[in-house]
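I opened the file to look up a few residues and contacts. The entries below follow the order in which I went through them.

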Amino acid sequence: HVALKPVLFGGLAVRLAIFRRPATVSAVTGLGIEFTRAGAGWKKRTLGWALRLAVGRGQIIVQNPENRDSLIGFGIDPRRISLIPGSGVDTDHFAALPAPNETPLAAALVGRMLRSKGVLDAIGAVRKLRAGGLAIELILAGPADPDSRDSLSDAKLAALAREPGIEWLG
């Protein structure tokens, strides 16, 4: 199971397996800003209980020490948690090629349209680059998340997509 919701729902499905409980590996890619800020006590306790129930005796993969520490704080056995280096691109090994001068540049941000994912930062960067004369387009690919207070609304994203150089695919 990859990401928080699939870990929770998939773990529930495994618990409901009648004849045989399959082995599971849960990749917790992030715990969300709602569970990491101060004052989220009951939310943290609820998430901790749900994660302990969902992961059962399975293995868990995390990509940063903060998530590992949070899971340990939720009461999950640290021997079942593996820290991996992440799923990004090794930019020391894979260097970007210079863009041809005649081709406009394009950048894409793929993910949920959350402030914490840097959507507004990417838009601000494209605005500055375009104001400086660079022909660059930003493609936003991903949905708004009505379950998150950190999400940009569909209306806000549609308004941003009316700006030159910004396209929101949904």
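Is lysine 117 buried, partly exposed or exposed? I looked up its relative accessibility, found 47%, and entered lysine 117 as partly exposed. I note here that the model is a predicted one.

**Entry: lysine 117**

I placed lysine 117 in the loop between S4 and H4. Leaving aside neighbours within four places in sequence, I found lysine 117 in contact with Leu109 and Arg112. I also took a C-alpha distance, from lysine 117 to alanine 106, and got 18 Å for two residues that are eleven residues apart along the chain.

**Entry: nonpolar cores**

Next I looked up the cores. The largest nonpolar core has 14 residues. Leu109, which I had just met as a contact of lysine 117, is among the residues with the most contacts inside this core. The others listed with it are Met113, Val119, Ile123, Leu138, Leu140 and Leu157. Two or more residues come from each of H4, strand S5 (136-141) and helix H5 (154-161). H4 gives the most, with four residues.

I then followed one member of the core. Isoleucine 123 touches Leu138, Leu140, Leu160 and Ile166, when residues up to four places away in sequence are not counted.

How many residues does the second core have? I found 13, in a set separate from the first, and noted that Val55, Val62, Phe74 and Ile81 are included.

**Entry: salt bridges**

I counted the salt bridges and got six. I wrote up three of them.

Aspartate 147 pairs with lysine 5, with the closest N and O atoms 3.2 Å apart. This pair links distant parts of the chain, since aspartate 147 sits in the loop between S5 and H5, lysine 5 sits in helix H1, and the two are 142 residues apart. I entered aspartate 147 as exposed because its relative accessibility is 61%, over the 50% cut-off. Lysine 5 has a relative accessible area of 46% and is therefore partly exposed.

Arginine 127 and glutamate 163 meet through their side chains, at 2.5 Å from N to O. This is again a link between distant parts of the chain: arginine 127 is in helix H4, and glutamate 163 is in the loop between H5 and strand S6 (166-168), with their positions 36 residues apart. Arginine 127 is partly exposed, at 41% relative accessible area. Glutamate 163 also counts as partly exposed, at 25%.

The side chains of aspartate 77 and arginine 79 form a salt bridge at 2.8 Å, N to O. I looked up both ends: aspartate 77 is partly exposed, with 24% relative accessible area, while arginine 79 is exposed, with 71%.

**Entry: serine 151**

Is serine 151 buried or exposed? I found a relative accessible area of 12%, under the 20% cut-off, so serine 151 is buried. Serine 151 lies in the loop between S5 and H5, where I had also placed aspartate 147.

Which backbone atom does the side chain of serine 151 reach? I found the backbone nitrogen of aspartate 145, at 2.8 Å. Not counting residues up to four places away in sequence, serine 151 touches Met113, Leu114, Arg115, Ala144 and Asp145. I recognised Met113 from the list for the largest core.

**Entry: nonpolar residues at the surface**

I looked for nonpolar side chains at the surface and noted a patch formed by Leu105, Leu129 and Leu134. Their accessible area together is about 210 Å². Leucine 129 lies in helix H4 (residues 119-131). I entered leucine 129 as partly exposed, because its relative accessible area is 37%.

Leucine 97 is in the loop between strand S3 (81-83) and strand S4 (105-110). I got 75% relative accessibility for leucine 97, so it counts as exposed. From leucine 97 to valine 126 the C-alpha separation is 19 Å, with the two residues 29 residues apart along the chain.

**Entry: alanine 3**

Last, I went through the backbone angles. Most residues other than glycine have a negative phi. Alanine 3 has a positive phi, near 90°. I placed alanine 3 in the segment before helix H1 (4-16). Its relative accessible area is 24%, so I entered alanine 3 as partly exposed.

Definitions and conventions: Residues numbered from 1 in each chain as written. Predicted model: local features only at pLDDT ≥ 70, side-chain atom pairs only at ≥ 80, totals over all residues. Heavy atoms only, no water. Patch = residues over 30% accessible without salt bridge, like charges linked within 9 Å, V, L, I, M, F, W, Y side chains within 5 Å. Areas by Shrake-Rupley, 256 points an atom, 1.4 Å probe, with all protein chains shown as cover. Salt bridge = Lys/Arg side-chain N within 4 Å of Asp/Glu carboxyl O. Buried < 20%, exposed > 50% of the residue type's maximum accessible area, 1.4 Å probe, protein only. Core = buried A, V, L, I, M, F, W, Y, C linked by side-chain atoms within 4.5 Å. Contact = heavy atoms within 4.5 Å. Polar contact = N/O pair within 3.5 Å; in protein donor to acceptor, adjacent residues only side chain to side chain.
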